[in-house]
Amino acid sequence: MPSHKRIEYVIFDMDGLMIDSERVYTDVTNDILAPYGAEMTWDIKAGLMGKPDRAAAAHLLSHFPDIPLTIDDYLARRTAEQDARWPHVQLLPGVAHLAAHGVPFGIATGSVRRSFYRKTAHLQHVFAHFGSNVVCGDDGAGRGKPFPDVFLAAARILGRAVGPNEEGGIVAEAEREVRARGLVFEDAVPGVQAGKRAGMSVVWVPDENLLSIRPSLDIEKPDRILRSLEDFIPEEWGLPPFDAIPIGQQN
């Protein structure tokens, strides 16, 4: 059983956790690299997951210095090809709801608002339940993951007094207590780091390919590692059991 405080609110990452967008990222990137005889392996992909777009693009292209693509060229091509695929991206297994029992929940994603809408427009039977409880990468919440800013911003939207974004000692003890009652779900390493730096508990749900490369984290360790959201047991966190109707099947 976990030793942390009883969980009172939940924050989800989106890409690779709720929707199968990482497959799209991989396929589009490899389509762009293929004419140059290059491929993004999981060793490379692991280093860019969860990073802001430009940082991720810079990391990717650093592995292929002979390819005549600038960061802007790559991002423009990637955006156009991804936009054509987002209307078909699917939910990942285990995306179930907690709202039926009144547990506040939100989304904190590095995706820009424009992409968020494109990825979720056809999945409103799920995402409509989050309402305005969504923080995107271009909402001005602060620094990107692995900094804690986006998770703290999501907690504030949920009405939680978590204090400023500082990771140091100026956060009041009462604010630390509120942070400790939050639970983050993440699939990427920078997201795990961000959640722990926010003072929250973190459930890591990595892709099996990522887990084979990084079976453990050296510094900010998750509180749980799951193969799928389907394996999550709410009762272990002081949350109501999954005896309610999944999102999208409510009357």
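In this predicted model, D15 counts as buried, with a relative accessibility of 8%. The residue does not sit there without a partner: its side chain meets that of K119 in a salt bridge, with N and O 2.9 Å apart. K119 is likewise buried, at 1% relative accessibility. D15 belongs to the loop between strand 1 (9-12) and helix 1 (21-33), while K119 lies in helix 5 (residues 113-120), so the pair ties together parts that are 104 residues apart in sequence. Both values fall under the 20% relative accessible area that marks a residue as buried.

A second acidic residue, D187, makes a useful companion to this pair. D187 is found in the loop between strand 4 (182-186) and helix 9 (189-197), and D15 is among the residues that D187 touches. Which side chain of opposite charge is nearest to D187? That side chain is K145, at 6.7 Å, and D187 is buried yet has no salt bridge. A salt bridge requires the nitrogen to be within 4 Å of a carboxyl oxygen, so K145 at 6.7 Å does not qualify as a partner for D187. Leaving aside residues up to four places away in sequence, the contacts of D187 also include D13, G16, L17 and E22, together with M49, W204, V205, P206 and L210.

Side chains of opposite charge can pair when their charged atoms come close, and a search of the whole structure finds 18 salt bridges. Two further examples involve helix 4. In one of them, R54 pairs with D72, the closest N and O atoms being 2.6 Å apart. R54 is in helix 3 (residues 53-62) and D72 in helix 4 (residues 71-85), 18 residues apart, and the pair links distant parts of the chain. Here the partners are partly exposed, with relative accessible areas of 47% for R54 and 48% for D72.

In the other example, the side chains of D83 and R114 meet at 2.3 Å, N to O. This salt bridge connects helix 4, which holds D83, with helix 5, which holds R114, across 31 residues of sequence. R114 is partly exposed, with a relative accessible area of 37%. Elsewhere, salt bridges that share partners bring E8, R160, E177 and R181 together in one network.

Helices 4 and 5 appear again in the open space of the model. The largest pocket has a volume of about 760 Å³. Its lining comprises 43 residues, and those closest to the centre are K51, P52, D53, G110 and S111. Helix 1, helix 3, helix 4 and helix 5 are the elements that give two or more residues to this lining. The largest share comes from helix 4, with 6 residues.

These local details can be set against the fold as a whole. The protein contains 10 helices and 6 strands, and 46% of its 251 residues count as buried. Of the contacts between residues at least 6 apart in sequence, 64% join residues at least 24 apart. The K119 and D15 pair, 104 residues apart, is one illustration of how parts separated in sequence are tied together. Finally, the protein exposes about 11,600 Å², with carbon and sulfur atoms supplying 51% of that area.

How values were computed
Residues are numbered from 1 along each chain as its sequence is written. This is a predicted model: local features need pLDDT of at least 70, side-chain atom pairs count only at pLDDT 80 or more; totals for chains, interfaces and linings use all residues. Side-chain values use heavy atoms; hydrogens and water are left out. Helices (H or I, at least four residues) and strands (E, at least two) are DSSP runs, numbered from the N terminus. Buried means under 20% relative accessible area, exposed over 50%, partly exposed in between (1.4 Å probe, protein chains only). Contact means heavy atoms within 4.5 Å. Accessible areas come from the Shrake-Rupley method with a 1.4 Å probe; for residues, only the protein chains shown count as cover. Lys and Arg count as positive and Asp and Glu as negative; His and the chain ends are not counted. On a 1 Å grid over the protein atoms alone, a cavity is a set of points where a 1.4 Å probe fits but cannot get out, and a pocket is an open set with protein on both sides within 12 Å along at least five of seven lines; lining residues have an atom within 4 Å of a point. Grid points are joined across faces, edges and corners, and a volume is the space filled by probe spheres set on the points.
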